[in-house]
Amino acid sequence: SIEPRVSFRYKTSAISSIKGGYSKTSQFINQLFNSDSPTPISQWQLSKPNLRPLKGDTYSLGYFQTSTGDIWEFSTEVYFRKVHHLYDYKDFASLILNRQIETEILYGKGRAYGIEWSVKKKEGIVHGSLSYHLSRTERLISGINKGNWYPSNFDKPHDLSILINYQPNRRNTLSFNFVYASGRPTTTPGGNFQLENGLVVPVYYSRNQDRIPDYHRIDVSYTIGQSYKRDQKVRTSWTISVYNIYGRRNAFSVFYTTAAFRQIEGKKLSILGNAFPSITFNIDI
């Protein structure tokens, strides 16, 4: 596959510039799954005559600027991506141990677009970075969602990251990391019906029209070490950290069960839903 790429940079001043680019890419192996998130039993499919490789055209344009003294960095960048030969599983598809998986999928196209803002301070007792990403990732496949655009499985409109480092001297660093992201799309049942044998069957409507709970957490770490001696050949340091310090039970996936009176009840699966401490010893030779 021919994959041309082109980029440019135009310096508007000594500390600012405009950058843009275009690239065409191909992907010859893709993951196919019919759950809220990838699992060990997800299908990986190589391209073949009945499964054409995904192809994408990506356009980007951004403005970048640094402050006098190169202490601060600012950037704003927008992008748009068109995806061709995109495929997704059809409703009620059977994917497990299916030797003719191409009979269970449908083809269409996709698009992704967004804007990202970033601010970074590189020096000082307090330094760090802040970035915010506003984006959408959508699909249009005939036979799914009545032929209308619908969010892809990894569509996250809001993505925020804040990193703060407090470093009063070379030997001590206290870091705070905050991460927030919109919950991934999920397909929820809109009702149910009961068979003669008493089995309750959920009824699903539009695909990926709901979302699992938003994801957010705070990580804290403290590093001590790094001797002041410039000629020291081996440097050591200790890092004490706590992942997810306030014990947020972020949902990895959501599933549904039948409760009393034929009600469909949603439940979530969390991984590392509590604070997770760790100690690391570092050796730098």
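Let me begin with burial: of the 285 residues in the protein chain, buried residues make up 29%. Please keep in mind throughout that this is a predicted model, and that every value I mention is computed from that model.

Turning to the overall build, the secondary structure of the protein chain consists of 20 strands and zero helices. The chain is more spread out than a compact globule, because its radius of gyration is 24 Å, well over the 19 Å that the globule rule gives for 285 residues. If you look along the principal axes, you will find that the C-alpha atoms fill a box of roughly 80 × 50 × 30 Å. As for how the chain meets itself, among contacts with a separation of 6 or more, 60% are between residues 24 or more positions apart.

A few words on the surface and the charges. The accessible surface of the protein chain is about 17900 Å², and carbon and sulfur atoms account for 58% of that area. The chain carries 36 positive and 22 negative charges, and the mean positions of these two sets are 4 Å apart.

Now to the interior. Which residues make up the largest nonpolar core? There are eight in all, namely Leu32, Leu51, Leu54, Val83, Leu86, Tyr87, Ile101 and Ile105. Strand β6, which covers residues 72-89, gives the largest share of this core, with three residues. As general background, nonpolar side chains tend to be buried together in soluble globular proteins.

Next I would like to go through some individual positions, starting with backbone angles. In general, most residues other than glycine have a negative phi. Asp70, however, has a positive phi, near 60°, and you can find this residue in the loop between β5, residues 54-66, and β6. Is Asp70 buried, partly exposed or exposed? With a relative accessible area of 37%, Asp70 is partly exposed.

Asn145 also has a positive phi, in this case about 55°, although it is not a glycine. Its place is the loop between β8, residues 126-141, and β9, residues 150-151. Asn145 counts as buried, because its relative accessibility is 14%, and the cut-off for buried is under 20%.

Asn145 leads us directly to Arg207, since Asn145 is one of the residues that Arg207 touches. Arg207 lies in the loop between β14 and β15, the latter being residues 210-211. Is this arginine, Arg207, buried or exposed? Arg207 has a relative accessible area of 6%, and it is therefore buried. Leaving aside residues up to four places away in sequence, Arg207 touches Asp88, Tyr89, Lys90, Asp91, Ile144, Asn145, Tyr150, Pro151 and Thr187. Measuring C-alpha to C-alpha within the model, Arg207 and Thr186 are 7.3 Å apart in space, while being 21 residues apart in sequence.

For a contrasting position, please look at Glu196, in the loop between β13, residues 189-194, and β14, residues 200-204. Glu196 counts as exposed, because its relative accessibility is 86%. From the C-alpha of Glu196 to that of Ser75 the distance is 62 Å, and these two residues are 121 residues apart in sequence.

Further along the chain we come to Val234, which sits in the loop between β16, residues 215-225, and β17, residues 235-243. Val234 is partly exposed, with a relative accessible area of 40%. Not counting residues up to four places away in sequence, Val234 touches Ile283, Asp284 and Ile285. The C-alpha atoms of Val234 and Ile283 are 7.0 Å apart, and 49 residues separate the two in sequence.

The last position I will show is Glu265, found in strand β19, which covers residues 264-270. Glu265 counts as partly exposed, at 37% relative accessibility. Glu265 and Phe255 are 10 residues apart in sequence and 8.5 Å apart in space, again C-alpha to C-alpha.

To close, I would leave you with the picture of a predicted chain that has 20 strands and zero helices, with Arg207 buried in its loop and Glu196 exposed in another.

How values were computed. Residues numbered from 1 in each chain as written. Predicted model: local features only at pLDDT ≥ 70, side-chain atom pairs only at ≥ 80, totals over all residues. Heavy atoms only, no water. Helix = DSSP H or I, 4+ residues; strand = E, 2+ residues; numbered from the N terminus. Rg over C-alpha atoms; globule rule 2.2 N^0.38 Å. Buried < 20%, exposed > 50% of the residue type's maximum accessible area, 1.4 Å probe, protein only. Contact = heavy atoms within 4.5 Å. Areas by Shrake-Rupley, 256 points an atom, 1.4 Å probe, with all protein chains shown as cover. Lys, Arg positive; Asp, Glu negative; His and termini not counted. Charge placed at Lys NZ, Arg CZ, Asp CG, Glu CD. Core = buried A, V, L, I, M, F, W, Y, C linked by side-chain atoms within 4.5 Å.
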